[in-house]
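These are my notebook entries on one protein model. I record what I looked up, entry by entry.

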Amino acid sequence: MTGSIAAVVFLTLIACLVLTVPIGFSLGIASLGYILYTKQLTLGFIAQNMVTGCDSFPTMAIPFFIFAGELMGGGGISKRLLNLANVFFGRIQGGLAIVTVVVCMFFAAISGSGPATVAAVGGMVIPTMLEKGYDKKFVLALIAAAGSIGVIIPPSIPMVIYAVTTNSSVSTLFLAGFVPGMLIGLVLIAYSYFYAKKMGYKGDDEPFSVKRALHETKEGFWAILSPVIILGGIYGGIFTPTEAAAVSVIYSLIVGCIIYKELDLKKLLQCTKNACETTASILIVIGCAAGFSKVLTLGRIPTTVASAMLALTDSKIVILLLINVLLLIVGCFMETLCAIMILAPILYPVVTAMGVDVTHFGIIMVVNLAIGFITPPLGVNLFVASRVGETTLDTVIKGIIPFLALMIITLLCITYIPAISMFLPNLMG
């Protein structure tokens with residue numbers, strides 16, 4: 001019975017996706033297929049779960065973080081982060097490339113979004129790097145890859161979704177994301193340095209000046225303070241991740257409107273419009289995915305998949321490798337949040353049966369799907385980078401291959417060395 005139910009649900013879902021039905025509606029139609037096939041539930045089940053799926057305190061963090069990211073990009077915070085990083089790293093050979101990665105890492109600790117990081121940082125650094133003689137393929141690929149760190153370094157919207165889906169701790173996931181995010185950033189910095197050295201890209205000609213450093217530090221103070229307030233407040237027990245998201249919106253408004261004075265009424269309305277559109281599309285998916293997840297559970301599909309995988313092999317190494325391959329393939333074709341909501345309930349029983357910590361697996365899943373941001377054919381960061389760089393998608397794809405290889409190697413380290421993810425959560429108790 002379980003096999004026939006799984007066939008109905010997944011064939012319906014695949015048919016909808018092939019017909020380019022939006023993912024949220026595809027999940028709802030797949031749930032409808034289960035209801036019509038089993039006749040165990042009423043049609044009101046879908047509507048009820050759409051409401052209850054979105055009606056949770058952690059889910060409220062998503063629209064707040066999206067809005068905060070928009071406000072910070074429009075309010076001049078990303079620009080000041082760039083200027084500050086350039087003071088300290090710009091003189092190194094390949095300094096602009098290093099600065100780009102550093103700024104993406106800082107912006108990641110503000111926005112929680114990969115595409116938002118690419119758009120905000122790319123618009124500022126692309127013209128400068130091209131003017132300095134950097135190869136366009138390298139520049140756009142670097143920004144796309146560095147932007148993917150946006151969903152790994154906390155706060156992270158995909159981590160919130162994973163926590164809601166698996167009923168795990170958002171704060172612990174945020175804590176676990178620090179070291180993996182920093183590790184990926186350092187790998188990208190190292191590659192940028194050696195590539196720049198090989199190609200002969202020079203650093204900034206302007207000598208280091210204490211006066212200039214103090215000036216840019218003063219200018220960027222409020223930008224640097226943002227992640228300190230958000231993350232410090234969470235781990236200091238002052239507020240929850242959801243409350244921190246709301247605080248980040250208020251902080252962004254104050255800094256953008258009053259301190260930097262770059263967020264006028266026109267920009268504010270545009271940021272609000274962008275945030276509302278993004279939030280609406282995500283919440284539709286979350287609501288439909290909640291019903292789909294319940295359908296999977298009622299059909300005992302996750303348990304069946306777990307049993308099948310464990311019957312195939314009892315090696316944790318092989319199981320994790322298979323899951324990584326699956327997630328990398330899914331990341332090529334499916335949006336990150338959707339992939340988490342569909343696959344987390346299925347794979348969660350598998351890894352817990354193997355003794356993998358739920359937080360560690362969350363990081364594995366998020367890093368896998370972050371790589372999906374830069375994987376053809378549907379890597380969102382690739383599209384954003386090509387649009388910001390005003391070039392074809394082919395140009396970005398040609399440059400992304402070495403970055404993909406490096407991130408996959410780093411992923412394997414994160415997968416098989418749990419301490420990378422669990423060091424800070426274990427340290428904080």
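The entries run from the whole chain to single helices, the surface and selected residues.

**Entry 1: the chain as a whole.** I note at the outset that the model is predicted. I looked up the secondary structure and found 20 helices and 0 strands in the protein chain. I then took the extents of the C-alpha trace, which come to about 70 × 45 × 45 Å along the principal axes. I asked what radius of gyration the chain has beside that of a compact globule. The chain has 22 Å, and a compact globule of 429 residues would have a value near 22 Å, so the two agree.

**Entry 2: burial, contacts and surface.** I looked up the buried share and obtained 52% of the 429 residues. For contacts with a separation of 6 or more, I found that 78% are between residues 24 or more positions apart. The exposed area of the chain is about 17,900 Å², and carbon and sulfur atoms supply 69% of that area.

**Entry 3: helices α5 and α8.** I checked α5, residues 77-89, and counted 13 residues reaching 18 Å from first to last C-alpha, close to the 18 Å expected. Among the buried residues of α5 I list Ile77, Arg80, Leu81, Leu84 and Asn86. I treated α8, residues 136-147, likewise: its 12 residues reach 16 Å, close to the 16 Å expected. I then asked how many of the 12 residues of α8 are buried. The number is 10, and I recorded the helix as mostly covered. The buried residues of α8 include Phe138, Leu140, Ile143 and Gly147.

**Entry 4: a nonpolar surface patch.** I found a nonpolar patch of about 910 Å² on the surface, with Leu312, Val318, Leu322, Ile408 and Tyr416 among its residues. I asked which helix gives the most to the nonpolar patch. Helix α15 does, with 6 residues. Both α15 (316-333) and α19 (393-416) supply at least two residues each. Tyr416 is placed in α19. I recorded Tyr416 as partly exposed because its relative accessible area is 31%, between the limits of 20% and 50%.

**Entry 5: Thr359.** I located Thr359 in helix α17, residues 358-371. Is Thr359 buried or exposed? Its relative accessible area is 7%, under the 20% cut-off, and therefore Thr359 counts as buried. Beyond its neighbours within four places in sequence, Thr359 is in contact with Thr172, Leu173, Ala176 and Met422.

**Entry 6: Glu131.** I placed Glu131 in helix α7, residues 114-131. At 71% relative accessible area, Glu131 is over the 50% limit and so is exposed. I also took the C-alpha distance from Glu131 to Tyr191, which is 21 Å at a sequence separation of 60 residues.

**Entry 7: backbone particulars.** I looked for a cis peptide bond and found one joining Pro154 and Pro155, with omega about 0°. Pro155 lies in the loop between α8 and α9 (157-166). I then noted residues other than glycine with positive phi. Asn167 has a phi of about 60° and sits in the loop between α9 and α10 (170-199). Asn167 is exposed, at 72% relative accessibility. Lys261 has a phi near 55° and lies in the loop between α12 (241-259) and α13 (265-298). Lys261 is exposed as well, with a relative accessible area of 66%.

Notes
Residues are numbered from 1 along each chain as its sequence is written. This is a predicted model: local features need pLDDT of at least 70, side-chain atom pairs count only at pLDDT 80 or more; totals for chains, interfaces and linings use all residues. Side-chain values use heavy atoms; hydrogens and water are left out. Helices (H or I, at least four residues) and strands (E, at least two) are DSSP runs, numbered from the N terminus. Buried means under 20% relative accessible area, exposed over 50%, partly exposed in between (1.4 Å probe, protein chains only). The expected span of a helix is 1.5 Å times one less than its number of residues. Patches are made of residues with over 30% relative accessible area and no salt bridge: like charges are joined within 9 Å, nonpolar side chains (Val, Leu, Ile, Met, Phe, Trp, Tyr) within 5 Å. Accessible areas come from the Shrake-Rupley method with a 1.4 Å probe; for residues, only the protein chains shown count as cover. A salt bridge is a side-chain nitrogen of Lys or Arg within 4 Å of a carboxyl oxygen of Asp or Glu. Contact means heavy atoms within 4.5 Å. The radius of gyration is taken over C-alpha atoms; the globule rule is 2.2 Å times the number of residues to the power 0.38.
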